[in-house]
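Me: Could you walk me through this fold, one question at a time? Here it is.

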Amino acid sequence: MIHPLVEYFRCPEHVAVLGRGGQLPPEAGYFRFGAATCYGRQSAGEPSPDPVGSLVDAAASVSVANGKVVLPFELAEAVDNLRHEQYPEAQRAIEHISTFNLSHAAYYLVRPLLSVGLRKHLQRLHWRGWREIPFPAWPVDTSVETLMRQAVGLALERGGVEEFPFIWFWPEGAPAAVMMTHDVEGPSGVAFCGDLMDLDARNGIRSSFHVVPDAPWSSRVSTKQLVADLKRRGFEVNVHDLTHDGHLFRNRDRFLRHATAINARGREFGSRGFRSGAMYRRQGWFASLDIAYDMSVPNVAHLEPQAGGCCTVMPFFMGHVLELPLTASQDYTVFHILGDYSTRLWQEQIDRILAQHGLISFIAHPDYLIEARARDVYTELLGLLARLRDGRGAWIAPPSEIDRWWRSRRRMRLVRHGTSWRVEGPESERARVAYARLRDGRVVYEVAA
Ligand SMILES: [Zn+2]
């Protein structure tokens with residue numbers, strides 16, 4: 001099995017000097033590893049059923065033996081439990097979608113008939129108390145990034161690693177990646193796609209439009225026409241759910257039947273990517289889809305219909321499928337749940353993700369940008385993103401290109417070249433060597449000149 005440090009950093013194996021010591025007790029629970037909240041088994045102390053209060057800090061029980069840093073937990077297990085939402089709050093949310101939920105079913109049935117005002121009112125009731133949810137952290141959770149940074153710090157500080165080279169996260173040394181996606185939710189959204197393409201194109205942003213293949217509001221012919229129009233103008237098209245009825249993950253048999261149809265529509269669209277309706281998800285089921293990348297997992301899902309979150313701002317693999325997580329809040333959430341017609345929250349999320357060099361990803365619906373004041377805020381966001389690209393060198397790319405890069409990076413290798421390091425493998429000419437270093441007791445990442 002690949003070491004989690006090698007998987008995350010693409011560093012040489014000899015610097016991945018962290019391992020687990022002894023047996024782990026069977027019971028999983030929340031614990032801390034320095035500043036990171038974790039869930040899993042550990043031998044440092046009492047596991048906690050809740051992510052709050054004084055959690056046992058596994059960092060206090062780290063030891064060194066035979067040149068190895070010995071952790072009281074399994075690093076891979078801790079990372080996987082976060083990414084794959086295997087912690088109690090997220091698991092409860094998954095169970096919730098498989099139990100027949102009358103209010104949910106009724107909501108989806110009458111949703112088209114409800115005024116936006118009434119929908120908002122119902123949704124605000126549903127999400128009451130969300131600000132008190134302690135974990136994952138709002139508005140961006142970077143537990144996986146914190147965990148990895150601390151692990152590298154231990155390798156440098158206590159593992160005798162003098163130099164920690166790795167393959168930088170993004171091409172050409174970009175400090176972060178940006179991905180703009182548009183889920184088309186109804187006839188008014190379809191009608192607005194042309195204007196939205198103009199808006200994105202004016203800012204040089206190549207976005208991805210996500211089309212519901214068997215939408216009740218569109219004929220097969222019109223859907224085909226929409227896909228053709230989007231592609232003709234150079235935009236990416238991906239599959240958005242199948243019918244968008246909110247039941248895709250209800251039960252396994254139904255999902256598998258629908259997966260066959262989704263795969264067929266994906267081939268018709270010429271798409272390699274997928275996003276479920278309303279960000280519903282069971283990560284283990286995506287392997288049944290014939291896709292390269294999925295975009296259905298939020299970073300922190302307090303304001304999504306299904307709670308949880310993957311606690312990372314980096315892409316990660318779920319079997320053969322690469323997850324490109326949603327790391328910024330949806331336009332619907334910002335405008336209609338939070339009632340905030342500004343870019344304030346998005347700016348805060350951008351800053352936090354940029355600090356971790358992650359993927360800054362958005363969903364803006366053509367359906368919700370028709371209103372003038374919403375469109376103004378979205379236009380302001382595009383300006384922020386263009387400045388991030390032109391001023392800071394951020395890489396703005398459609399999902400297919402981010403997928404291709406992440407897969408190339410996984411196949412690259414760092415090889416020693418005299419006193420320095422060189423990247424070899426597919427697209428290695430776009431790759432940069434970086435170093436993790438300790439500076440005043442903090443781990444910093446630097447791209448080599
Ligand atoms: Zn949708």
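Me: Which handedness does the β-α-β unit made by β9, helix α9 and β10 have?

Reply: Happy to help! This is a predicted model, where local features need pLDDT of at least 70, side-chain atom pairs count only at pLDDT 80 or more, and totals for chains, interfaces and linings use all residues. Residues are numbered from 1 along each chain as its sequence is written. Helices (H or I, at least four residues) and strands (E, at least two) are DSSP runs, numbered from the N terminus. With the strands pointing away from the viewer, a path from the first strand over the helix to the second that runs clockwise defines the term, and the unit of β9, helix α9 (residues 252-269) and β10 is right-handed.

Me: In β10, which residue is the bridge partner of Val239?

Reply: Strands pair if DSSP finds at least two bridges between them. β9 and β10 (residues 273-275) run parallel, joined by two bridges. In β10, the partner of Val239 is Phe274.

Me: Which residue in β9 does Ser208 stand opposite?

Reply: Strand β8 (residues 208-211) runs parallel to β9, with four bridges between them. Across from Ser208 in β9 is Glu236.

Me: Through which helix does the chain cross from β8 to β9?

Reply: This β-α-β crossover is right-handed. The connecting helix spans residues 220-232 and is α8.

Me: How many of the five residues of β9 are buried?

Reply: A residue counts as buried if 20 or more other C-beta atoms, placed from the backbone, lie within 10 Å of its own. Strand β9 (residues 236-240) is mostly covered, and its buried residues number five.

Key. Buried ≥ 20, exposed ≤ 12 C-beta atoms within 10 Å, placed from the backbone.
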